[in-house]
Amino acid sequence: MHFQQSESAGPGAEQEKSPKVFTKQSSSLPFGEQLSLASISGPTYLTAQTLIQQVAYALSDKIFAYSAESFDLDVALKSWQEQGEKNAFGYQTGVSSLETRAGAGTIALGYLFSKDFDLTKRHIPQSIVASSSTLNYLRPALDQLSLLYSVANPVTAHIAAVDYSANSNAGLVTDYVSSLTLAEDLGLGLVCSPSVFETQHMALFATLLSSVIPTIHTYDGISVGRETARLVDTLDQSRLHNSYQAVLKAVSEVDKKHSDNAGRLVRLLQAFNDEFGEDYRLFDYYGHEEPESVLVVFGTVEASLTAQVANALSKDGDKVGVINVRVYRPFVEEAFLAVLPKSAQRVAVLGQVKDEAAVFDSAEYSRLYSDVLTATQFAFDRNIEVFDIKYSREQVWTPSNVLDVFRQIYSEKKAGEESRSYVDILNTADVKQYTFWDLDVSPAATAPAVVGKLLSSDSSKNVFVREGHDNLVCGGVTRVDIRNADYTIEAPYAVEQADVAAIGDISILGAFDVLNSVKADGSIIVQLPGVKDEDLEKKLSPAFRKALVDKDISLFIMDPTQSEAVAEESTLTTCLCQLGFLKVARPDLLNSHISKLAAINGTEQICEKIVQQLETALREVEVPAAWGTVEEDVQHIHLPADININSFAPFDRTESEPPTLLKNWQIAAKGLAFKEAYGTQTVLRPELGVKTSVVTVKEKRRLTPQNYDRNIFHIEFDLGDTGVTYAIGEALGIHAENDKSEVEEFIKWYGLDPDEVVEVPSREDPNVLVNRTVYQSLLQNVDIFGRPGKKFYEDLGEFASDEQEKLALQTLCTGDGASEFKRRAEVDTITYADLLLEYSSAHPSFHDIVRIVAPMKRREYSIASSQHVTPNSVTLCIVTVNWVDPKGRDRFGQATRYLNNLRVGSPVTVSVKPSVMKLPPKTTAPIIMAGLGTGLAPFRAFVQERAYQKQRGEEIGEVLLYMGSRHQREEYLYGEEWEAYQDAGIITLLGRAFSRDQPQKIYIQDRMRQTLTDIRRAYLEKEGSFYLCGPTWPVPDVTEVLQEAVEVDYKLKNPDARKVDSRRAIETLKDEGRYVLEVY
């Protein structure tokens, strides 16, 4: 632990002593501080990740670490190596920190089987430290290792079960699927740590098991693995080594009698228990002595929570139990059946699968379920129901949702007895719980860690500290939970009943429902600099104020401006927050522990001074009863109760963004004249990052009458010698320009020089600079007339010189301004230019405009032609997007306005984009198409292609076209073409739905239902493909018709069978590429 020491220089040295500064290095370390290898011994505060690194360092010849920068899976390893620490074998462990990428593991494999490898070290284990996201890259190397294991070192992979998920809002997810899959596929051992208290023993046991087979040791990598906790009997390096040798010696002779790995595993665990006096089992049972329903689980948090909930339920008489799988591979069936109670009638497997799609996929099962089903299927002379309760990697477990799982498998209740909705696994009278919310950039961000370290100085208490970061909200939010108990507890979930909550910034209240995790009669401290009591109601949302009254929560306001010490030195804010928290939560420590606090952070003199200033800097506010009443017209905004942990470190605000420079034309001319010297290239739209071409307008004609309120037009482009090719179903990207008159008007109003040259980094590569005039940039690059997001409001606020305008912009980014922001975006359709006009004191320079305004994006439209039919042209069908805003101003969609204003011969920059809309590989496969409005565009290409195929003599399948619009007279788009194709035998069925041409509305799904027999024949009997293009609203209704077709078809073929799962059948068709949607 790093304390700054000052040398004494005489009697006055105490007053000159520099304050000690608490520095956090990593959230994976105890209280965030680095520690020596020798300090890991006996009763001490540690994290599971630190313990795993200790076991790996002490018992390994070499460690191969694959850690993302913020994961810090190897932060202690690298420190110990730098300090020259020796392992249990008497020399310094080699630590190689490597990248996670294709080929990961080849270096480790090469080292193991190198000709130069010291064979005297062949018995010494090698270790891998990584996250589950690395396993897929390690797979080839581990596969080879398992084949050559008889001549290799023992190898243990310590895997933190954590991965990034780009397809969900969770950010970081707990991933056991990768370990379970790899262990089963490659025949590796797999051990899981069920809690932080068993992590060191399980890491050691996995290392011992690696003497039999290559072994993975996995553990929760998001919360439990990084939680600081007090461990009473931690093994130091010497004891680790002695126990390792003793267990290996105990099994060395007996193992010769065992030919299979399962037998050697059982013997190894027995010797391990004998060495430590423990009763670890391959499968641990908890709960009722005679349960009817048993849950089988795998995972750290899963094991801890289900065991505690099962014990709590069984005490109330519920006949439930849980089996925790400590060792998944080898899966010893005899050991599993031995712990499965004979009274069990139902066995549910809580099995993790990759994502939500797999959860709802009835054809997919969890890995654990397959093993449990196999073990129980033929083992009993009675029927035992075994079923799979799947959950995705995004699932965050709490006592409440674990209780929901038990409800699924056991619902027996006495008459008149209500089913419980909550189970309390903590005695809140004995356990004090605190939660801290703050911004990453706050000067008091380290305050919770200091408080936790201070509380840990009481050896009679057990302190637990867990931390998480959500870097996608408010520029980065940190939540730290502290639990303080008289005894050891397991609570691997966020604090739900905090005695005291401390909020470091008012913006957090607008992003999270923090009071949801504060218990009734609790207290909350909110930091509000310079806010008076009479202005408090304006700062706090109606929902927050009401919750204060409803839960009878005491409100304290922390005002740093009222502390002279903090006013003089802002870095002392952290001391103020620490002491303010103690005054509310632990007033007994405020004076008695000043010296201990000063030893961690600050000086005694500073702490005593701030304690005196707390009289004015911290005040309790009486909560008016009137706050409990919320006016009816106030819109309730549902806020999340917890952060989404998407990082283990604060948001990195250092941006390597090259400056955008304004230059005159002479400087740009030098780059053009001396291209080699300046590295200049002349490229068409180089900032776009995609292959573009310039085509010209060949034909443009309106498809709807001039007096009709919807302008739908056909536009055809001449490809000339551009070499542009496109396939059926692909889209054409239009790289549109802003309206020239509006650009000129903005330049004049904003006071810009249109001919001034701006040099900006390419959007694709910041090292490539492109030169444009201000006029060109606003015309083609900068989406100045687009709709801004909250980030722009926030950025613009930084430029506002008027305080009222600055406050207004900042408020729009908070929860209080959510309804106003929504109105501006959806009703007023405010643009970037509108905001610059409205908030005139915020006048960023043009290079800042380029930086904070989003770039223009290409707009993509389905191609309405087949290149086999029109080889030198490409066609689009466009509807002009226009509306009138509340101020009576005409508004237009940027790209459709641009296209509508084009004339024949006008040049247009385009690019081609692939699409999911593809014709079936076989020409004989039927196609069923449903298009609404301009959604008919890709189907015009489909029909043209089918006509071309038939003309070439190929046999084509049925073509069913359903089209929908409001009126036949005005919106029968390409009607004459469809009828001609029908007369020619290309289109076999034309279903036209004009919703407003008759009293009753007729929609596209109605026409489909009327021809259900045709759809069933073409889609199901002849294995056709279905396509829908247009707006999203008809998707459920159209899909329902297809499900009806599936049900009718199944009933006709299987009259005595149960009802088919038509929803699942459509999902299968989607997977086969026979149910394709392109909706917007």
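Tyr832 has a relative accessibility of 5% and therefore counts as buried in this predicted model. Its ring pairs with that of Phe792 in an edge-to-face arrangement, with 4.8 Å from centre to centre and 90° between the planes. Phe792 belongs to helix α27 (residues 790-797) and Tyr832 to helix α30 (residues 832-838), so the pair ties together parts that are 40 residues apart in sequence. Phe792 is likewise buried, at a relative accessible area of 2%.

This pair belongs to a wider set, for the structure holds 33 aromatic pairs. In one of them, the rings of Tyr391 and Trp397 have centres 5.1 Å apart and planes at 75°, which makes the pair edge-to-face. Both partners are buried: Tyr391 has a relative accessibility of 4%, and Trp397 has one of 8%.

Aromatic residues also gather in a cluster, formed by Tyr176, Phe283, Phe298, Tyr328, Phe331 and Phe336. Tyr328 takes part in a further arrangement, in which the charged end of Arg329 sits over the Tyr328 ring at 4.3 Å from the ring centre. Arg329 is also one side of a cis peptide bond, which leads to Pro330 and has an omega near -5°. Pro330 itself is placed in the loop between β14 (327-329) and α11 (333-339). A charge over a ring is found again at Lys700, which lies over the face of Phe713, 5.1 Å from the ring centre.

The cysteines can be considered next. How many disulfides does the structure contain? The count comes to zero. Cys607 illustrates the point: the closest cysteine sulfur, that of Cys575, is 5.2 Å from the sulfur of Cys607, and this is too far for a bond because a disulfide requires the sulfur atoms to be within 2.5 Å. Cys607 is buried, with a relative accessible area of 0%. Cys192 is buried as well, at a relative accessible area of 2%.

Helix α3 (residues 75-82) shows how one element packs against its surroundings. Its buried residues are Val75, Ala76, Leu77, Ser79 and Trp80. These residues pack against α2 (48-59), β2 (62-66), β3 (94-98) and β4 (126-131). After the helix comes Gly84, with a positive phi near 75°.

Helix α2, one of the packing partners of α3, contains Ala58. This alanine has a relative accessibility of 0% and so counts as buried. Leaving aside residues up to four places away in sequence, Ala58 touches Asn87, Ala88, Phe89, Gln237 and Leu240. By contrast, Arg851 is 793 residues from Ala58 in sequence, and their C-alpha atoms are 51 Å apart in space.

A second buried position is Tyr981, in helix α35 (residues 975-983), where its relative accessibility is 18%. That value is under the 20% limit, so Tyr981 counts as buried. Beyond residues up to four places away in sequence, its contacts are Val943, Gln944, Ala947, Ile986 and Ile987. Val943 is 38 residues from Tyr981 along the chain, and the two C-alpha atoms are separated by 7.9 Å.

Attention now turns to enclosed space. Rolling a probe the size of a water molecule over the atoms shows where empty space is left. The count comes to nine cavities of 30 Å³ or more, and the largest cavity holds about 230 Å³ of space. Which residues lie nearest the centre of the largest cavity? Of the 20 residues that line it, these are Phe436, Asp438, Ala502, Gly504 and Cys577. At least two lining residues come from each of β17 (432-439), α15 (447-455), β19 (477-485), β20 (498-503), β21 (518-527) and α19 (573-585). Helix α19 supplies the largest share of this lining, four residues.

Two of these lining elements, β19 and β21, also serve to locate backbone features. Cys474 is in the loop between β18 (462-470) and β19. Although not a glycine, Cys474 has a positive phi of about 55°, and at 32% relative accessibility it counts as partly exposed. Asp521 is found in strand β21. This residue is not a glycine either, yet its phi is positive, about 70°. With a relative accessibility of 57%, Asp521 counts as exposed.

Notes. Residues numbered from 1 in each chain as written. Predicted model: local features only at pLDDT ≥ 70, side-chain atom pairs only at ≥ 80, totals over all residues. Heavy atoms only, no water. Buried < 20%, exposed > 50% of the residue type's maximum accessible area, 1.4 Å probe, protein only. Contact = heavy atoms within 4.5 Å. Phe/Tyr/Trp six-rings, centres within 6.5 Å; stacked < 30°, edge-to-face > 60°. Lys NZ or Arg CZ within 6 Å of the ring centre and 35° of its normal. 1 Å grid on protein atoms, 1.4 Å probe; cavity = no way out; pocket = protein on both sides within 12 Å on 5 of 7 lines; lining within 4 Å. Points joined across faces, edges and corners; volume = space filled by probe spheres on them.
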